[in-house]
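Biologist: Hi! Could you walk me through this one?

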Amino acid sequence: MTTYGILGVGSLAGFVVPGLCDDVADPPAVVLSPRNAETSAALAAAYPSVAVAADNQAVLDASDVVLVLLRRQHSDALLDLAWRPDHVVVSAVAGLPVAALAERVAPAARVARAVAMPAVATRSSRTP
């Protein structure tokens with residue numbers, strides 16, 4: 001089963017995690033970065049398949065798919081991490097072009113941008 005990692009646990013993560021876990025018979029494992037400890041702890045307490053990692057590298061080490069939900073001004077933090085070629089990286093960082101994302105997460109080669117919307121929490125619309 002796929003393990004999802006989330007870098008940046010702010011309001012978007014508060015929509016994405018319920019979308020992955022609410023009313024799902026076998027929810028996926030989700031590993032959260034420790035940023036915003038209060039939100040991370042609340043999500044982990046609400047969903048048994050969600051855990052909080054010690055740091056961002058631990059998120060990557062445990063994950064197959066990494067959702068980057070950071071603010072653009074924090075996107076350089078991606079450069080300090082050891083990415084794997086098999087990581088799938090999906091970024092909702094506003095204003096960060098795919099080429100700039102790819103540079104920050106190399107050698108991960110499968111990268112994409114997404115526009116996370118509050119509706120992902122209820123799975124009532126697709127994420128572009």
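Modeller: Happy to. A nonpolar core here is a set of buried Ala, Val, Leu, Ile, Met, Phe, Trp, Tyr and Cys residues joined through side-chain atoms within 4.5 Å, and buried means under 20% relative accessible area with a 1.4 Å probe, protein chains only. This is a predicted model, where local features need pLDDT of at least 70, side-chain atom pairs count only at pLDDT 80 or more, and totals for chains, interfaces and linings use all residues. Numbering starts from 1 along each chain as its sequence is written, and side-chain values use heavy atoms, leaving out hydrogens and water.

Biologist: Cool. Which residues touch the most other members of the largest nonpolar core?

Modeller: Leu 7, Val 68, Leu 78, Trp 83, Val 89 and Val 105, out of 18 residues. Helices (DSSP H or I, at least four residues) and strands (E, at least two) are numbered from the N terminus; α3 (56–62), β4 (65–68) and α4 (98–105) each supply at least two core residues. The largest share, three residues, is from α4.

Biologist: And what is Val 68 in contact with, beyond four places in sequence?

Modeller: Taking contact as heavy atoms within 4.5 Å, its partners include Leu 7, Leu 78, Trp 83 and Val 89. Val 90, Ser 91, Ala 92 and Val 93 are also in contact with Val 68.

Biologist: Which residues does the second, separate core include?

Modeller: Among its 15 residues are Val 16, Leu 43, Leu 69 and Ala 92.

Biologist: Switching topic, how many helices and strands are there?

Modeller: The protein chain has four helices and six strands, in the order β-α-β-α-β-α-β-β-α-β from the N terminus.

Biologist: How much of the chain is buried?

Modeller: Of the 128 residues, 40% are buried.

Note on methods: Buried < 20%, exposed > 50% of the residue type's maximum accessible area, 1.4 Å probe, protein only.
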